[in-house]
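Student: I have a model open and would like to talk it through with you. Could we go over it piece by piece?

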Amino acid sequence: MTSLASLGFDEFFAAQLRRLDPAWVPARIASEGRNTFRLLGCRAEIGELTGRLRRSLAPEERPVCGDWVAVADGEERAVIHHVLDRRTALVRRAPGREDARPQVLAANVDVFFVVTSANQDLNERRLERYLAAVWNSGASPVIVLNKVDLVKDPAPLLGAIERVALGVPVLQASAKSGVGLEALRGYLAPGRTVAFVGSSGVGKSSLANRLLGREVQQVGELRADERGRHTTTARQLMELPHGGLLIDTPGLRELGLIDDAGGLDVSFPDVAAFAEQCRFRDCRHAGEPGCAVVEAVERGELAPERLASYRKLVEELEAAERRRDPAEAAKARQRWKVIHKGLRARAKIDPKLKR
(Lines give C-alpha, C1' and ligand atoms only; values in the text may rest on other atoms or scores of the structure.)
Protein backbone atom coordinates (compact mmCIF):
# COMPACT_ATOMS: atom_id res chain seq x y z
CA MET A 1 0.00 0.00 0.00
CA THR A 2 1.30 3.49 -0.85
CA SER A 3 2.29 5.51 2.22
CA LEU A 4 -0.08 8.22 3.37
CA ALA A 5 2.69 10.83 3.26
CA SER A 6 3.36 10.13 -0.42
CA LEU A 7 -0.36 10.67 -1.07
CA GLY A 8 -0.20 14.13 0.53
CA PHE A 9 -1.38 13.31 4.04
CA ASP A 10 0.33 15.68 6.47
CA GLU A 11 -0.25 17.40 9.80
CA PHE A 12 -2.99 19.63 8.37
CA PHE A 13 -5.15 16.54 7.83
CA ALA A 14 -3.72 14.44 10.68
CA ALA A 15 -4.78 17.06 13.23
CA GLN A 16 -8.36 16.81 11.97
CA LEU A 17 -8.34 13.03 12.04
CA ARG A 18 -7.19 12.94 15.68
CA ARG A 19 -10.42 14.68 16.69
CA LEU A 20 -12.54 11.90 15.18
CA ASP A 21 -13.31 8.29 16.07
CA PRO A 22 -9.95 6.51 16.58
CA ALA A 23 -11.26 3.50 14.65
CA TRP A 24 -11.46 5.54 11.45
CA VAL A 25 -8.51 5.74 9.05
CA PRO A 26 -7.68 8.30 6.33
CA ALA A 27 -8.19 7.71 2.62
CA ARG A 28 -7.96 9.94 -0.41
CA ILE A 29 -10.59 10.21 -3.13
CA ALA A 30 -9.09 9.11 -6.45
CA SER A 31 -12.30 9.37 -8.46
CA GLU A 32 -15.96 9.95 -7.76
CA GLY A 33 -19.11 8.26 -8.95
CA ARG A 34 -22.77 8.80 -8.23
CA ASN A 35 -22.84 6.66 -5.09
CA THR A 36 -19.32 5.23 -4.74
CA PHE A 37 -15.78 6.56 -4.70
CA ARG A 38 -12.44 5.01 -5.60
CA LEU A 39 -10.00 5.33 -2.70
CA LEU A 40 -6.25 5.44 -2.15
CA GLY A 41 -4.40 4.93 1.13
CA CYS A 42 -6.63 2.31 2.76
CA ARG A 43 -7.24 -1.41 2.19
CA ALA A 44 -10.56 -0.99 0.40
CA GLU A 45 -10.47 0.35 -3.13
CA ILE A 46 -14.11 1.43 -3.08
CA GLY A 47 -15.90 3.60 -0.53
CA GLU A 48 -19.45 4.76 -0.01
CA LEU A 49 -20.98 7.47 2.14
CA THR A 50 -22.95 6.75 5.26
CA GLY A 51 -26.65 7.41 5.00
CA ARG A 52 -26.24 10.39 7.31
CA LEU A 53 -23.65 12.01 5.04
CA ARG A 54 -25.71 11.38 1.94
CA ARG A 55 -28.60 13.23 3.55
CA SER A 56 -26.67 16.05 5.26
CA LEU A 57 -23.90 17.10 2.88
CA ALA A 58 -24.54 20.03 0.59
CA PRO A 59 -23.49 19.35 -3.03
CA GLU A 60 -20.29 21.39 -2.63
CA GLU A 61 -19.41 19.47 0.56
CA ARG A 62 -19.65 16.07 -1.10
CA PRO A 63 -16.25 14.36 -1.59
CA VAL A 64 -14.52 15.16 -4.86
CA CYS A 65 -11.29 14.06 -6.51
CA GLY A 66 -8.40 14.94 -4.19
CA ASP A 67 -10.40 15.07 -0.96
CA TRP A 68 -9.27 13.32 2.23
CA VAL A 69 -11.94 11.36 4.10
CA ALA A 70 -12.14 9.36 7.32
CA VAL A 71 -13.37 5.82 6.73
CA ALA A 72 -14.21 2.61 8.50
CA ASP A 73 -11.97 0.36 6.40
CA GLY A 74 -12.78 -3.08 5.08
CA GLU A 75 -11.30 -5.72 2.83
CA GLU A 76 -13.40 -4.78 -0.19
CA ARG A 77 -15.41 -1.70 0.76
CA ALA A 78 -14.96 1.21 3.13
CA VAL A 79 -17.63 3.39 4.70
CA ILE A 80 -16.95 7.13 4.50
CA HIS A 81 -17.90 8.81 7.78
CA HIS A 82 -16.34 12.26 7.47
CA VAL A 83 -14.88 14.61 4.85
CA LEU A 84 -11.79 16.42 6.15
CA ASP A 85 -11.51 20.16 5.64
CA ARG A 86 -9.88 21.07 2.34
CA ARG A 87 -6.59 22.89 2.15
CA THR A 88 -7.43 24.17 -1.34
CA ALA A 89 -10.46 23.82 -3.59
CA LEU A 90 -11.07 24.86 -7.19
CA VAL A 91 -14.67 26.03 -7.32
CA ARG A 92 -16.82 27.32 -10.15
CA ARG A 93 -20.43 28.40 -10.45
CA ALA A 94 -22.41 25.27 -11.30
CA PRO A 95 -23.34 25.58 -15.00
CA GLY A 96 -26.97 25.86 -16.00
CA ARG A 97 -28.21 27.04 -12.60
CA GLU A 98 -29.69 30.40 -11.61
CA ASP A 99 -28.99 30.12 -7.88
CA ALA A 100 -25.19 30.52 -8.21
CA ARG A 101 -24.55 27.20 -6.54
CA PRO A 102 -20.84 26.36 -6.17
CA GLN A 103 -19.37 23.24 -7.76
CA VAL A 104 -16.04 21.93 -6.48
CA LEU A 105 -13.88 20.59 -9.31
CA ALA A 106 -10.82 19.35 -7.39
CA ALA A 107 -9.54 19.52 -3.82
CA ASN A 108 -6.18 19.73 -2.08
CA VAL A 109 -4.19 20.59 -5.20
CA ASP A 110 -0.87 22.40 -4.73
CA VAL A 111 -0.25 23.56 -8.31
CA PHE A 112 -2.64 23.89 -11.23
CA PHE A 113 -1.15 23.67 -14.71
CA VAL A 114 -3.41 25.92 -16.79
CA VAL A 115 -2.98 24.42 -20.25
CA THR A 116 -3.58 26.32 -23.45
CA SER A 117 -2.69 25.36 -27.00
CA ALA A 118 -0.38 27.04 -29.49
CA ASN A 119 -2.60 26.06 -32.41
CA GLN A 120 -5.68 28.33 -32.24
CA ASP A 121 -6.79 27.90 -28.61
CA LEU A 122 -5.04 30.83 -26.91
CA ASN A 123 -7.52 33.31 -25.43
CA GLU A 124 -6.22 36.01 -23.09
CA ARG A 125 -9.58 36.68 -21.47
CA ARG A 126 -10.05 32.99 -20.74
CA LEU A 127 -6.60 32.81 -19.14
CA GLU A 128 -7.47 35.72 -16.85
CA ARG A 129 -10.56 33.82 -15.71
CA TYR A 130 -8.60 30.62 -15.07
CA LEU A 131 -5.93 32.48 -13.12
CA ALA A 132 -8.50 34.19 -10.91
CA ALA A 133 -10.17 30.84 -10.17
CA VAL A 134 -6.87 29.12 -9.38
CA TRP A 135 -5.63 31.91 -7.11
CA ASN A 136 -8.98 31.80 -5.31
CA SER A 137 -8.60 28.05 -4.83
CA GLY A 138 -5.57 28.61 -2.59
CA ALA A 139 -3.25 26.80 -5.01
CA SER A 140 -0.58 28.26 -7.30
CA PRO A 141 -0.99 28.52 -11.10
CA VAL A 142 1.51 27.68 -13.83
CA ILE A 143 0.57 28.37 -17.45
CA VAL A 144 1.55 25.70 -19.97
CA LEU A 145 1.63 26.63 -23.65
CA ASN A 146 1.25 23.17 -25.19
CA LYS A 147 1.71 21.99 -28.81
CA VAL A 148 4.54 24.43 -29.50
CA ASP A 149 5.74 21.95 -32.13
CA LEU A 150 2.82 23.11 -34.32
CA VAL A 151 4.01 26.74 -34.63
CA LYS A 152 7.18 28.15 -36.14
CA ASP A 153 7.58 30.97 -33.63
CA PRO A 154 5.81 30.85 -30.24
CA ALA A 155 7.16 34.29 -29.21
CA PRO A 156 3.96 36.25 -30.08
CA LEU A 157 1.88 33.75 -28.10
CA LEU A 158 4.22 33.93 -25.13
CA GLY A 159 4.03 37.71 -25.26
CA ALA A 160 0.24 37.59 -25.18
CA ILE A 161 0.32 35.23 -22.20
CA GLU A 162 2.81 37.33 -20.27
CA ARG A 163 0.63 40.42 -20.69
CA VAL A 164 -2.16 38.79 -18.66
CA ALA A 165 -0.21 36.37 -16.45
CA LEU A 166 1.90 38.86 -14.55
CA GLY A 167 4.29 37.04 -12.21
CA VAL A 168 2.96 33.59 -13.15
CA PRO A 169 5.45 31.00 -14.49
CA VAL A 170 4.90 30.18 -18.18
CA LEU A 171 6.19 26.92 -19.65
CA GLN A 172 6.42 25.81 -23.27
CA ALA A 173 5.59 22.16 -23.86
CA SER A 174 4.90 19.55 -26.49
CA ALA A 175 3.52 16.18 -25.51
CA LYS A 176 4.51 14.95 -28.96
CA SER A 177 8.20 15.97 -28.92
CA GLY A 178 8.77 15.95 -25.16
CA VAL A 179 9.69 19.63 -24.99
CA GLY A 180 9.03 21.08 -21.54
CA LEU A 181 8.43 17.80 -19.73
CA GLU A 182 11.43 18.28 -17.45
CA ALA A 183 10.17 21.74 -16.54
CA LEU A 184 6.80 20.23 -15.62
CA ARG A 185 8.51 17.53 -13.55
CA GLY A 186 10.25 20.28 -11.61
CA TYR A 187 6.94 20.96 -9.87
CA LEU A 188 6.46 17.34 -8.84
CA ALA A 189 7.53 15.82 -5.52
CA PRO A 190 6.34 13.02 -3.23
CA GLY A 191 3.17 14.09 -1.47
CA ARG A 192 2.60 17.00 -3.83
CA THR A 193 -0.51 17.20 -6.00
CA VAL A 194 -0.69 18.92 -9.38
CA ALA A 195 -3.65 19.16 -11.73
CA PHE A 196 -4.24 20.00 -15.37
CA VAL A 197 -7.07 22.39 -16.21
CA GLY A 198 -8.05 23.98 -19.51
CA SER A 199 -10.40 23.79 -22.43
CA SER A 200 -11.14 20.63 -24.37
CA GLY A 201 -8.53 19.53 -26.86
CA VAL A 202 -5.53 21.47 -25.56
CA GLY A 203 -3.57 18.28 -24.86
CA LYS A 204 -3.97 17.83 -21.12
CA SER A 205 -4.34 14.05 -21.36
CA SER A 206 -1.35 13.75 -23.70
CA LEU A 207 0.82 15.62 -21.20
CA ALA A 208 -0.57 13.47 -18.39
CA ASN A 209 0.39 10.30 -20.25
CA ARG A 210 3.93 11.57 -20.80
CA LEU A 211 4.34 12.35 -17.09
CA LEU A 212 2.84 8.99 -16.12
CA GLY A 213 5.12 7.17 -18.56
CA ARG A 214 2.25 5.10 -19.95
CA GLU A 215 -1.02 5.48 -21.81
CA VAL A 216 -3.53 5.91 -19.03
CA GLN A 217 -5.71 8.70 -20.33
CA GLN A 218 -7.38 8.23 -23.70
CA VAL A 219 -6.14 10.69 -26.31
CA GLY A 220 -8.05 11.80 -29.40
CA GLU A 221 -6.58 12.63 -32.79
CA LEU A 222 -6.48 16.20 -34.05
CA ARG A 223 -9.56 17.30 -35.93
CA ALA A 224 -9.40 18.95 -39.33
CA ASP A 225 -9.11 22.37 -37.64
CA GLU A 226 -6.07 21.11 -35.65
CA ARG A 227 -7.92 21.19 -32.35
CA GLY A 228 -7.65 18.12 -30.19
CA ARG A 229 -10.71 16.03 -29.51
CA HIS A 230 -12.15 16.00 -26.00
CA THR A 231 -11.32 12.65 -24.38
CA THR A 232 -11.20 12.93 -20.57
CA THR A 233 -14.69 12.45 -19.14
CA ALA A 234 -14.04 12.39 -15.39
CA ARG A 235 -11.50 13.72 -12.91
CA GLN A 236 -9.01 11.16 -11.71
CA LEU A 237 -6.16 11.29 -9.17
CA MET A 238 -3.16 9.23 -10.27
CA GLU A 239 0.19 8.46 -8.66
CA LEU A 240 3.23 9.47 -10.70
CA PRO A 241 6.10 6.99 -11.08
CA HIS A 242 8.77 9.26 -9.60
CA GLY A 243 6.66 10.74 -6.82
CA GLY A 244 3.78 13.16 -6.70
CA LEU A 245 0.15 12.96 -7.74
CA LEU A 246 -1.67 14.19 -10.81
CA ILE A 247 -5.29 15.09 -11.43
CA ASP A 248 -6.40 15.26 -15.06
CA THR A 249 -9.68 17.06 -15.58
CA PRO A 250 -12.20 17.16 -18.44
CA GLY A 251 -12.13 20.23 -20.63
CA LEU A 252 -14.27 23.04 -19.24
CA ARG A 253 -16.81 24.81 -21.40
CA GLU A 254 -17.65 27.19 -18.56
CA LEU A 255 -15.66 28.48 -15.60
CA GLY A 256 -18.03 30.88 -13.90
CA LEU A 257 -16.56 32.63 -10.87
CA ILE A 258 -18.56 32.54 -7.67
CA ASP A 259 -16.30 33.61 -4.77
CA ASP A 260 -13.36 35.96 -4.54
CA ALA A 261 -10.82 35.58 -1.75
CA GLY A 262 -8.37 38.04 -3.24
CA GLY A 263 -7.69 35.99 -6.34
CA LEU A 264 -8.94 38.72 -8.65
CA ASP A 265 -6.43 41.27 -7.35
CA VAL A 266 -3.65 38.68 -7.54
CA SER A 267 -4.63 37.95 -11.15
CA PHE A 268 -4.79 41.66 -12.00
CA PRO A 269 -1.86 43.12 -10.02
CA ASP A 270 -1.56 45.98 -12.52
CA VAL A 271 -5.16 47.07 -11.93
CA ALA A 272 -4.79 46.55 -8.16
CA ALA A 273 -1.64 48.68 -8.04
CA PHE A 274 -3.32 51.64 -9.74
CA ALA A 275 -6.47 51.14 -7.63
CA GLU A 276 -4.48 51.86 -4.48
CA GLN A 277 -4.13 55.43 -5.73
CA CYS A 278 -7.86 55.98 -6.30
CA ARG A 279 -9.49 58.76 -4.31
CA PHE A 280 -12.21 56.44 -2.96
CA ARG A 281 -11.48 53.05 -1.40
CA ASP A 282 -14.64 51.55 -2.92
CA CYS A 283 -13.95 52.97 -6.39
CA ARG A 284 -15.46 50.82 -9.12
CA HIS A 285 -13.19 52.28 -11.82
CA ALA A 286 -16.18 53.26 -13.90
CA GLY A 287 -15.94 57.04 -14.11
CA GLU A 288 -15.70 58.05 -10.44
CA PRO A 289 -13.71 61.26 -9.78
CA GLY A 290 -10.09 60.64 -8.91
CA CYS A 291 -10.01 57.11 -10.34
CA ALA A 292 -6.34 56.28 -10.86
CA VAL A 293 -7.21 53.15 -12.86
CA VAL A 294 -9.13 55.02 -15.54
CA GLU A 295 -6.43 57.68 -15.60
CA ALA A 296 -3.84 54.94 -16.21
CA VAL A 297 -5.86 53.74 -19.21
CA GLU A 298 -6.05 57.30 -20.56
CA ARG A 299 -2.26 57.67 -20.22
CA GLY A 300 -1.71 54.38 -22.03
CA GLU A 301 -0.21 52.69 -18.96
CA LEU A 302 -3.00 50.12 -18.70
CA ALA A 303 -4.64 48.34 -21.63
CA PRO A 304 -8.36 49.21 -21.89
CA GLU A 305 -9.24 45.56 -22.63
CA ARG A 306 -7.49 44.59 -19.41
CA LEU A 307 -9.70 46.94 -17.38
CA ALA A 308 -12.79 45.79 -19.28
CA SER A 309 -12.00 42.17 -18.42
CA TYR A 310 -11.46 43.06 -14.76
CA ARG A 311 -14.80 44.87 -14.62
CA LYS A 312 -16.58 41.95 -16.25
CA LEU A 313 -15.26 39.49 -13.67
CA VAL A 314 -16.13 41.85 -10.79
CA GLU A 315 -19.68 42.20 -12.10
CA GLU A 316 -19.93 38.42 -12.45
CA LEU A 317 -18.84 37.91 -8.84
CA GLU A 318 -21.27 40.55 -7.59
CA ALA A 319 -24.13 38.96 -9.52
CA ALA A 320 -23.28 35.55 -8.07
CA GLU A 321 -23.18 37.03 -4.56
CA ARG A 322 -26.65 38.53 -5.00
CA ARG A 323 -28.11 35.21 -6.12
CA ARG A 324 -26.60 33.15 -3.32
CA ASP A 325 -28.15 32.39 0.02
CA PRO A 326 -26.64 34.89 2.52
CA ALA A 327 -25.79 32.21 5.08
CA GLU A 328 -24.08 30.05 2.48
CA ALA A 329 -22.15 33.03 1.10
CA ALA A 330 -20.89 33.92 4.59
CA LYS A 331 -19.86 30.31 5.15
CA ALA A 332 -17.97 30.31 1.86
CA ARG A 333 -16.08 33.50 2.73
CA GLN A 334 -14.99 32.00 6.04
CA ARG A 335 -13.82 28.85 4.25
CA TRP A 336 -11.64 30.87 1.88
CA LYS A 337 -10.08 32.77 4.79
CA VAL A 338 -9.02 29.45 6.31
CA ILE A 339 -7.70 28.20 2.96
CA HIS A 340 -5.56 31.25 2.33
CA LYS A 341 -4.25 31.36 5.89
CA GLY A 342 -3.10 27.76 5.54
CA LEU A 343 -1.53 28.42 2.15
CA ARG A 344 0.46 31.41 3.42
CA ALA A 345 1.74 29.38 6.38
CA ARG A 346 2.74 26.50 4.13
CA ALA A 347 4.51 28.79 1.66
CA LYS A 348 6.89 29.90 4.41
CA ILE A 349 8.28 26.37 4.69
CA ASP A 350 7.85 25.18 1.09
CA PRO A 351 9.76 27.45 -1.30
CA LYS A 352 8.40 25.55 -4.32
CA LEU A 353 5.01 27.15 -3.73
CA LYS A 354 6.56 30.55 -4.47
CA ARG A 355 7.79 29.58 -7.92
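Student: To start broadly, what percentage of the 355 residues in the chain is buried?

Tutor: Keeping in mind that this is a predicted model, buried residues make up 52% of the 355 residues in the chain. The accessible surface of the chain comes to about 16800 Å², and carbon and sulfur atoms contribute 50% of that surface.

Student: And how many helices and strands are there in the chain?

Tutor: The chain has eleven helices and 13 strands. As for contacts in the chain with a separation of 6 or more, 69% of them are accounted for by residues 24 or more positions apart.

Student: Let's look at helix packing. At what angle do the axes of α3 and α10 cross?

Tutor: Helix α3, which covers residues 124-137, and helix α10, which covers residues 304-323, have axes that cross at roughly 45° and come within 11 Å. Angles from 65 to 115 degrees would count as roughly perpendicular and those under 35 as roughly parallel, so α3 is oblique to α10. The crossing in which α3 passes α10 is right-handed.

Student: Which residues meet there?

Tutor: From α3 there are Arg125, Glu128 and Arg129, and these meet Glu305, Arg306, Ser309, Lys312, Leu313 and Glu316 in α10. By class, the residues of this contact of α3 with α10 divide into seven charged, one polar and one nonpolar.

Student: How does α3 pack against α4, in angle and in distance between the axes?

Tutor: Helix α4, residues 155-164, packs with α3 at an angle of about 45°, and their axes are 9 Å apart. That angle makes α3 oblique to α4, and the crossing of the two is right-handed. On the α3 side the contact is made by Glu124, Arg125, Leu127, Glu128 and Leu131, and on the α4 side by Ala160, Ile161, Arg163 and Val164. The classes in this contact of α3 with α4 are five nonpolar, four charged and no polar residues.

Student: Switching to Ser267, which residues does it touch, leaving out those up to four places away in sequence?

Tutor: Ser267, which lies in helix α7 (residues 263-267), touches Glu128, Leu131, Ala132, Trp135, Val164 and Arg306 when those sequence neighbours are not counted. Ser267 and Leu127 are 140 residues apart in sequence, yet their C-alpha atoms are 9.7 Å apart in space.

Student: Why does Ser267 count as buried?

Tutor: Its relative accessibility is 4%, and buried means under 20%, so Ser267 counts as buried.

Student: What about Ala183, where is that found?

Tutor: Ala183 is in helix α5, residues 181-185, and with a relative accessible area of 31% it is partly exposed. Ala183 and Ala173 are ten residues apart along the chain, and their C-alpha atoms are separated by 8.6 Å.

Student: One more topic, backbone angles. What is phi of Asn108 near?

Tutor: Phi of Asn108 is near 60°, which is a positive value in a residue other than glycine. Most residues other than glycine have a negative phi. Asn108 lies in the loop between β7 (102-107) and β8 (111-117), and at 7% relative accessibility Asn108 counts as buried.

Student: And His285, is it buried or exposed?

Tutor: His285 counts as buried, at 5% relative accessibility. Its place is in the loop between α8 (269-275) and α9 (292-298), and phi of His285 is near 60°, a positive value in a residue other than glycine.

Technical notes:
Residues are numbered from 1 along each chain as its sequence is written. This is a predicted model: local features need pLDDT of at least 70, side-chain atom pairs count only at pLDDT 80 or more; totals for chains, interfaces and linings use all residues. Side-chain values use heavy atoms; hydrogens and water are left out. Axes are lines fitted to C-alpha atoms, for helices over the stretch in contact, and angles run from 0 to 180 degrees between N-to-C directions. Helices (H or I, at least four residues) and strands (E, at least two) are DSSP runs, numbered from the N terminus. Angles under 35 degrees count as roughly parallel, over 145 as roughly antiparallel, 65 to 115 as roughly perpendicular and the rest as oblique. A crossing is left-handed if the near helix is turned anticlockwise from the far one by less than a right angle, and right-handed if clockwise. Contact means heavy atoms within 4.5 Å. Ala, Val, Leu, Ile, Met, Phe, Trp, Tyr, Cys and Pro count as nonpolar, Asp, Glu, Lys and Arg as charged, and the others, Gly among them, as polar. Buried means under 20% relative accessible area, exposed over 50%, partly exposed in between (1.4 Å probe, protein chains only). Accessible areas come from the Shrake-Rupley method with a 1.4 Å probe; for residues, only the protein chains shown count as cover.
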